[in-house]
Amino acid sequence: MNKIINRYIFREIALPFIIILFVLTFVLLMGKILQIMDLMVNKGIRVLDIGHLIVLIMPNFMLFTIPIALLVSILIAMCRLSADNEITVLKASGVSLLQLSYPVAVASLMAFACAMVIGYFLVPQSNFASKRLLFELASQNAGIGIKEKVFNADFKGLLLYADTVPADGESMENVIISDSRVLGEQNTILAKKAFLVADPKLMILKLRLEDGSIHTVGKDLKNYRKVDFKSYDINLDLSSTFASFTDESKSSTEMTLSELLERMKKPALADAVVRELAIEVHKKFSIPLSCLFFALLAIPLGITHHRAVKSRGFAVGLIIVAAYYLLRIGGEALVENGRMDPALGVWAPNVLFALLGVFLFYLAHREISVSQTLIAIFQGEKPRG
């Protein structure tokens, strides 16, 4: 009998969980759609590569959507069972709240395991893999936007003009470059030939110029300098093209736990950098564990004695998620400013919601009214149950 009830409640949670997880992940993905479409339409990136990129950025979204989907799905399931008086019937049949919590506990443990694997393994690897993929795409497609007899401004600080671009697109001839990367100094570079050269190890894209000269005019327009060269390399900055996706250095979100701990041990690190690394270390555990705390909180909040509550679960879930992430963002901001310890700033929302969940679950198990309990506490009396 208990197995049938457990399977029934688990199914009530599983279906909304899958739907909500898909919808939330899609909503977050919509924030990147414009940049992705720009890569496909204007930068010449293939649809297959765009699909590969989407797969790589999905773990970042799922790390946050899994706890939210779990919370809302449990609330919806419990509210539905409560609204149809199924909770009342099960309790009248001798099924306790602890027994009703078994399938919820299984669902939350499964969500915790998935979030732990995603946060611990997939997120750092996918972040680094997406960075490498974008570099490869940039290396392959940087030359697509360079047309002959047209000024090209895709590279930050450089204005490039090529008189001739052969059909194979592997080189450029009679190139003129206006280089304004150095503040207050304007360089004009002339070269007979130019090639795009990629360095996969360092993830640097270079423009190699041959047989040319560099012409520099001073700030006061009184000094002029000319340098001839046989070969000259210019590092290209692709941030204007891939600003929403790439970063010049490996960030804390691209590191595994061991890499974060190793980086924190390095001497002469700025305090702000140490705090940022510490936040990421704690988030690798605190975010997956939020699945367990959300489940503990959702069970008593989902069980209610009111009839018209079938849509109540979604609204309550949104309020809880908003409160949780506001506390998390506020805590992380205080940590980044050096006003709070990293462990306290990251774990405070989890601890608060865990204590609240235990308190509400105890009241629900003893069938004690929350309002009566609060009144009794304010009056200094012992709650009745």
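Is His 282 buried, exposed or partly exposed? The tour returns to this residue after a view of the whole chain.

**The whole chain**

Begin with everything displayed; the model is predicted. Colour the protein chain by secondary structure, and ten helices and six strands appear. The chain has 385 residues, of which 40% count as buried. Among contacts between residues at least 6 apart in sequence, 64% join residues at least 24 apart.

**His 282**

Select His 282, which lies in helix 7. His 282 counts as partly exposed, because its relative accessibility is 22% and the partly exposed class lies between 20% and 50%. Next, show the residues around this side chain. Leaving aside residues up to four places away in sequence, His 282 touches Pro 342, Ala 343, Val 346 and Trp 347. Val 346 is 64 residues from His 282 along the chain, yet the C-alpha atoms of the two are separated by 6.6 Å.

**Helix 7 against helix 9**

Two packed helices are described by the angle between their axes and the distance between the axes. Select residues 271-302 for helix 7 and residues 342-365 for helix 9; they pack at an angle of about 15°, and their axes are 9 Å apart. Helix 7 is therefore roughly parallel to helix 9, since angles under 35 degrees are placed in that class. The crossing of these two helices is left-handed. Sorted by class, the residues of this contact are 22 nonpolar, five polar and one charged.

**Helix 8 against helix 9**

Keep helix 9 in view and add helix 8, residues 312-336. The axes of helix 8 and helix 9 come within 7 Å and cross at roughly 165°. Helix 8 is thus roughly antiparallel to helix 9, because the angle is over 145 degrees. Here the crossing is right-handed. To see the contact, display side chains on both helices: those of helix 8 include Ile 320, Tyr 324 and Leu 327, and those of helix 9 include Pro 342, Val 346 and Phe 353. The contact of helix 8 with helix 9 has ten nonpolar, three polar and two charged residues.

**Salt bridges**

Side chains of opposite charge can pair when their charged atoms come close. How many salt bridges does a search of the whole structure find? The search finds ten, and several stops follow.

- Return to helix 7 and select Glu 280 and Lys 283, which are three residues apart, about one turn of the helix. Their salt bridge has its closest N and O atoms 3.7 Å apart. Both Glu 280 and Lys 283 are buried.
- Select Glu 12, Arg 80, Asp 84 and Glu 86, which are joined into one network by salt bridges that share partners.
- Select Lys 149 and Asp 163, whose side chains meet in a salt bridge with an N to O distance of 3.8 Å. This pair links distant parts of the chain: Lys 149 is in the loop between helix 4 and strand 1, and Asp 163 is in strand 2, 14 residues apart. Asp 163 is partly exposed, with a relative accessible area of 26%.
- Finally, select Lys 230 and Asp 211, which meet in a salt bridge at 3.8 Å, N to O. Lys 230 lies in strand 6 and Asp 211 in strand 5, 19 residues apart. Lys 230 is exposed, with a relative accessible area of 69%, whereas Asp 211 is partly exposed, at 36%.

Notes: Residues numbered from 1 in each chain as written. Predicted model: local features only at pLDDT ≥ 70, side-chain atom pairs only at ≥ 80, totals over all residues. Heavy atoms only, no water. Axes fitted to C-alpha atoms, helices over the stretch in contact; angles between N-to-C directions. Helix = DSSP H or I, 4+ residues; strand = E, 2+ residues; numbered from the N terminus. Parallel < 35°, antiparallel > 145°, perpendicular 65-115°, else oblique. Left-handed = near helix turned anticlockwise from the far one by under 90°. Nonpolar A, V, L, I, M, F, W, Y, C, P; charged D, E, K, R; others polar. Salt bridge = Lys/Arg side-chain N within 4 Å of Asp/Glu carboxyl O. Buried < 20%, exposed > 50% of the residue type's maximum accessible area, 1.4 Å probe, protein only. Contact = heavy atoms within 4.5 Å.
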